[in-house]
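The following exchange examines how the terms applied to one structure are justified. Each answer sets a value against the rule behind the term.

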Amino acid sequence: METLIFKLDRALVTALKRKEATAFEQLIAQHGAMLYWVALRLMGQQEEAEEVLQQILLTVYEKIHTFNERSTLTTWLYRIVVNTALMRLREKARRPEELEPLSAHFTEEGQHVREVADWALDPADAHLHQEALTLSGFAGSQSM
């Protein structure tokens, strides 16, 4: 005997395969929280989890016709979220973050391109210093 949940999943899958707009709303209402929390758990950052969730929804839209219903919809979706998150993590690991070269911050003479703020000055003195530079005409070439 089919359970009510299985019947609802079957109806949802049928609607998804027909690309009915309300089916995707229903998919998000029923499974969105689970998909998001799994993505968040794997990715560790809200923005990354949201990116994974967007990719999952696109994948479901494009690949729902391949779902053969031998497993539950929840199981299929869970595998998609895990695979998508893992692929994204692998991609990030292969791509080292590009750092701005340090040489871009120095002139050929070895001085900073911009004036470095003097942390020893209190804000009032720093403002007076900046005002003095402005009045003397040096502020155009240097900034704090």
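Q: What makes a pair of side chains a salt bridge in this predicted model?
A: A salt bridge is called when a side-chain nitrogen of Lys or Arg lies within 4 Å of a carboxyl oxygen of Asp or Glu. Under that rule, Arg10, Lys17 and Glu69 are linked in a network of salt bridges. The count for the model comes to 5 salt bridges.

Q: Why is the pair Arg18 and Glu20 called a salt bridge?
A: The N to O distance between the side chains of Arg18 and Glu20 is 3.6 Å. The rule asks for a nitrogen within 4 Å of a carboxyl oxygen, so the pair qualifies.

Q: How do you know whether Arg18 and Glu20 are exposed, partly exposed or buried?
A: Exposed means over 50% relative accessible area, and buried means under 20%. Arg18 has 58% and is therefore exposed. Glu20 has 29%, which lies in between, so Glu20 is partly exposed.

Q: What makes Arg88 and Glu48 a salt bridge, and which helices hold the two residues?
A: The closest N and O atoms of Arg88 and Glu48 are 2.8 Å apart, and the limit is 4 Å. Arg88 lies in helix H4 and Glu48 in helix H3, so the pair ties together parts that are 40 residues apart in sequence.

Q: What joins Lys92 to Glu48, and how many residues apart are they?
A: Lys92 forms a salt bridge with Glu48, with 3.6 Å between the closest N and O atoms. This pair also links distant parts of the chain, Lys92 being in helix H4 and Glu48 in helix H3, 44 residues apart.

Q: Why is Glu48 called buried or exposed, and what of Arg88 and Lys92?
A: Glu48 has a relative accessible area of 13%, which is under 20%, so Glu48 is buried. Arg88 at 26% is partly exposed, and Lys92 at 37% is partly exposed, because both values fall between 20% and 50%.

Q: Why is Asp9 said to have no salt bridge?
A: The nearest side chain of opposite charge to Asp9 is Arg10, 9.5 Å away. Because a salt bridge requires a separation within 4 Å, Asp9 has none, although Asp9 is buried.

Q: Where is Asp9, and what does Asp9 contact?
A: Asp9 is in helix H1, residues 4–17. Leaving aside neighbours within four places in sequence, Asp9 is in contact with Gln30, His31, Thr72, Leu73 and Thr74.

Q: Why is His31 called buried or exposed?
A: His31 has a relative accessible area of 7%, under the 20% limit, and is therefore buried. His31 is found in helix H2, residues 21–43. Not counting residues up to four places away in sequence, His31 touches Asp9, Leu12, Leu73, Thr74 and Leu77.

Q: How do you know that the span of H4 agrees with what is expected of a helix?
A: H4 has 22 residues, which at 1.5 Å a residue should span 32 Å; the end C-alpha atoms of H4 are 32 Å apart, so the two values agree.

Q: Which residues of H4 are buried?
A: The buried residues of H4 are Leu73, Trp76, Leu77, Ile80, Val81, Val82, Thr84 and Ala85. Asn83, also found in helix H4, counts as partly exposed at 36% relative accessibility.

Q: What makes Leu89 eligible for a nonpolar surface patch?
A: Patch residues need over 30% relative accessible area and no salt bridge. Leu89 has 32%, so Leu89 passes the area limit while counting as partly exposed. Leu42, Leu86 and Leu89 form the patch, with about 190 Å² of accessible area together. Leu89 itself is in helix H4, residues 73–94.

Q: What is the make-up of the whole chain?
A: The protein chain has 5 helices and 0 strands. Buried residues make up 24% of its 144 residues. The accessible surface comes to about 10,900 Å², of which 57% belongs to carbon and sulfur atoms.

Conventions: Residues are numbered from 1 along each chain as its sequence is written. This is a predicted model: local features need pLDDT of at least 70, side-chain atom pairs count only at pLDDT 80 or more; totals for chains, interfaces and linings use all residues. Side-chain values use heavy atoms; hydrogens and water are left out. Patches are made of residues with over 30% relative accessible area and no salt bridge: like charges are joined within 9 Å, nonpolar side chains (Val, Leu, Ile, Met, Phe, Trp, Tyr) within 5 Å. Accessible areas come from the Shrake-Rupley method with a 1.4 Å probe; for residues, only the protein chains shown count as cover. Helices (H or I, at least four residues) and strands (E, at least two) are DSSP runs, numbered from the N terminus. Buried means under 20% relative accessible area, exposed over 50%, partly exposed in between (1.4 Å probe, protein chains only). Lys and Arg count as positive and Asp and Glu as negative; His and the chain ends are not counted. Contact means heavy atoms within 4.5 Å. The expected span of a helix is 1.5 Å times one less than its number of residues.
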